[in-house]
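You asked for a quick read of this one before you open it up yourself. Here are my notes, in the order I'd go through them.

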Amino acid sequence: MSGLSPDVLVGIFSTMMGLAMPFLFAALGETFAQRSGVYNLGVDGIMLLSAFASFYVVVVTGSPWLGLLAAVLVGLAMGLLISLVSVTLKAEQGVSGIGLYMLGLGLSSLLFKVLVGTVKTVQGFRPIELPLLSGIPFLGPVLFRNNVLVYAAFLLVPLSWWVLERTTLGLDIKAVGQNPAAADSLGINVDRVRYFSVCLGAVLAGVAGAGLSIAQLNLFQDNLTAGQGFIAVALVYFGGWNPVGVLGGALLFSVVNSTQLWLQVLGVDIPSSVAVMLPYLLTIVALTLTSSRDRQPAALGKPFERGEN
């Protein structure tokens with residue numbers, strides 16, 4: 001394609017980095033939750049409510065850091081709520097997750113209408129150019145001219161892998177997700193580990209929401225996420241419950257999404273509805289080809305009762 005000049009390629013991959021950021025936060029957080037045996041379909045609702053909270057705090061205070069703190073607190077509160085319902089009360093996790101999504105969707109929309117009323121923009125996190133590195137041809141603009149949340153999202157990948165694979169906490173999380181009865185017999189507090197993992201996942205989903213509203217788009221509107229939380233959950237399956245696999249899925253989805261955006265900008269003769277559909281179609285195909293229950297935590301979705309096998 002003649003339009004794919006070096007500058008356009010830089011634009012596509014630079015956009016990809018920003019688009020991947022919320023997916024990485026949300027999917028890595030959900031990886032921790034699912035490795036402990038709890039899946040949370042309410043990720044999109046957490047992202048929505050956190051996105052509004054961070055946006056509104058920035059509107060009031062002008063500080064994106066306070067907005068990020070608000071998103072973390074909202075994520076933690078919703079993580080405690082879903083943990084109470086799924087871990088303590090042992091409700092069916094799919095139903096409780098959808099309930100949390102509906103809560104986040106409805107409450108974020110209501111608060112937006114009551115407290116803001118109209119779409120407005122804010123000054124969120126600005127791109128930070130890393131000295132020397134940002135001047136490297138091609139790689140510099142793509143990798144080293146991003147905002148702080150993009151850098152943090154990509155650094156979170158090796159950190160998450162290290163926690164899960166090289167620490168006692170990670171071993172406890174995986175043990176609880178694989179065989180909670182055996183973990184309990186070894187003195188591991190199953191409920192405590194699951195509470196921690198689910199709340200960590202919810203906090204990271206909150207950061208993902210903040211990334212959308214005060215780092216990527218710098219605005220809030222109804223249903224801002226457009227289902228990105230559900231894509232993040234799908235990426236956990238695509239990545240085989242492994243942070244490195246999640247990274248691969250996030251980059252694949254984001255580069256296709258970025259490409260379709262640039263195709264529209266370049267005026268390529270392709271229906272916009274088809275272009276928008278492509279990333280989601282890719283997700284379905286990729287999940288069909290790569291999803292394997294052999295790698296799934298054995299106790300995923302199963303409430304734990306002491307004394308039961």
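The points below cover the hollows, the surface patch, the salt bridges and two odd backbone angles.

1. First, a caveat: this is a predicted model. Please read every value below as computed from that model.

2. Let's start with enclosed space. Rolling a probe the size of a water molecule over the atoms shows where empty space is left. Searching the whole structure this way turns up two cavities of 30 Å³ or more. The largest cavity has a volume of about 70 Å³, and its lining is made by L235, F238, G249, L252, F253, L282, T283, A286 and L287. Helix 10 (228-238), helix 11 (243-265) and helix 12 (272-290) are the elements that each give two or more residues to that lining. Helix 12 has the largest share, with four residues. What classes of residue line the largest cavity? Seven are nonpolar, two are polar and no charged residue takes part.

3. The second largest cavity comes in at about 30 Å³. You'll find S86, V87, K90, D191, R194, P303 and F304 around it. Helix 3 and helix 9 (190-216) are the elements with two or more residues in this lining. By class, the lining of the second largest cavity splits into three nonpolar, one polar and three charged residues. So much for the closed spaces; now the open ones.

4. The largest pocket holds about 280 Å³ of space. It has 16 lining residues, and the ones nearest its centre are L19, A226, Q228, N257 and Y280. Helix 1 (6-35), helix 9, helix 11 and helix 12 each supply two or more residues to the lining of this pocket. Which element gives the largest share of that lining? That would be helix 11, with four residues. The lining of the largest pocket counts ten nonpolar, six polar and no charged residues.

5. The second largest pocket has a volume of about 220 Å³. Its lining has 14 residues, with G18, P127, N146, N147 and A215 closest to the centre. Two or more residues come from each of helix 1, strand 2 (145-146) and helix 9. Helix 1 gives the most here, with three residues. The class count for the second largest pocket is seven nonpolar, six polar and one charged.

6. On the outside, have a look at the nonpolar surface patch of about 700 Å². L81, L84, L89, L103, L107, L110, V114 and L115 make it up. Helix 3 (64-88) and helix 4 (93-116) are the elements that give two or more residues to this patch, and helix 4 has the largest share with five. Take L103 as an example: L103 sits in helix 4 and is partly exposed, with a relative accessible area of 39%. L103 can count towards a patch because the cut-off for patch residues is over 30% relative accessible area.

7. Next, charges. Side chains of opposite charge can pair when their charged atoms come close. How many salt bridges does the structure hold? There are two. In one, D222 pairs with K113, and their closest N and O atoms are 2.8 Å apart. D222 is in the loop between helix 9 and helix 10 while K113 is in helix 4, so this pair ties together parts that are 109 residues apart in sequence. D222 is partly exposed at 35% relative accessible area, and K113 is exposed at 51%.

8. The other salt bridge joins K174 and E165, with the closest N and O atoms 3.0 Å apart. E165 counts as partly exposed, at 24% relative accessibility.

9. Last, the backbone. Most residues other than glycine have a negative phi, and most peptide bonds are trans. A226 has a positive phi of about 50° although it isn't a glycine. A226 lies in the loop between helix 9 and helix 10, and you met A226 above among the residues nearest the centre of the largest pocket. W241 also isn't a glycine and has a positive phi, of about 60°; W241 is in the loop between helix 10 and helix 11. Are these two buried or exposed? A226 is partly exposed, with a relative accessible area of 46%, whereas W241 counts as buried at 1%.

Conventions
Residues are numbered from 1 along each chain as its sequence is written. This is a predicted model: local features need pLDDT of at least 70, side-chain atom pairs count only at pLDDT 80 or more; totals for chains, interfaces and linings use all residues. Side-chain values use heavy atoms; hydrogens and water are left out. Patches are made of residues with over 30% relative accessible area and no salt bridge: like charges are joined within 9 Å, nonpolar side chains (Val, Leu, Ile, Met, Phe, Trp, Tyr) within 5 Å. Accessible areas come from the Shrake-Rupley method with a 1.4 Å probe; for residues, only the protein chains shown count as cover. A salt bridge is a side-chain nitrogen of Lys or Arg within 4 Å of a carboxyl oxygen of Asp or Glu. Buried means under 20% relative accessible area, exposed over 50%, partly exposed in between (1.4 Å probe, protein chains only). On a 1 Å grid over the protein atoms alone, a cavity is a set of points where a 1.4 Å probe fits but cannot get out, and a pocket is an open set with protein on both sides within 12 Å along at least five of seven lines; lining residues have an atom within 4 Å of a point. Grid points are joined across faces, edges and corners, and a volume is the space filled by probe spheres set on the points. Ala, Val, Leu, Ile, Met, Phe, Trp, Tyr, Cys and Pro count as nonpolar, Asp, Glu, Lys and Arg as charged, and the others, Gly among them, as polar.
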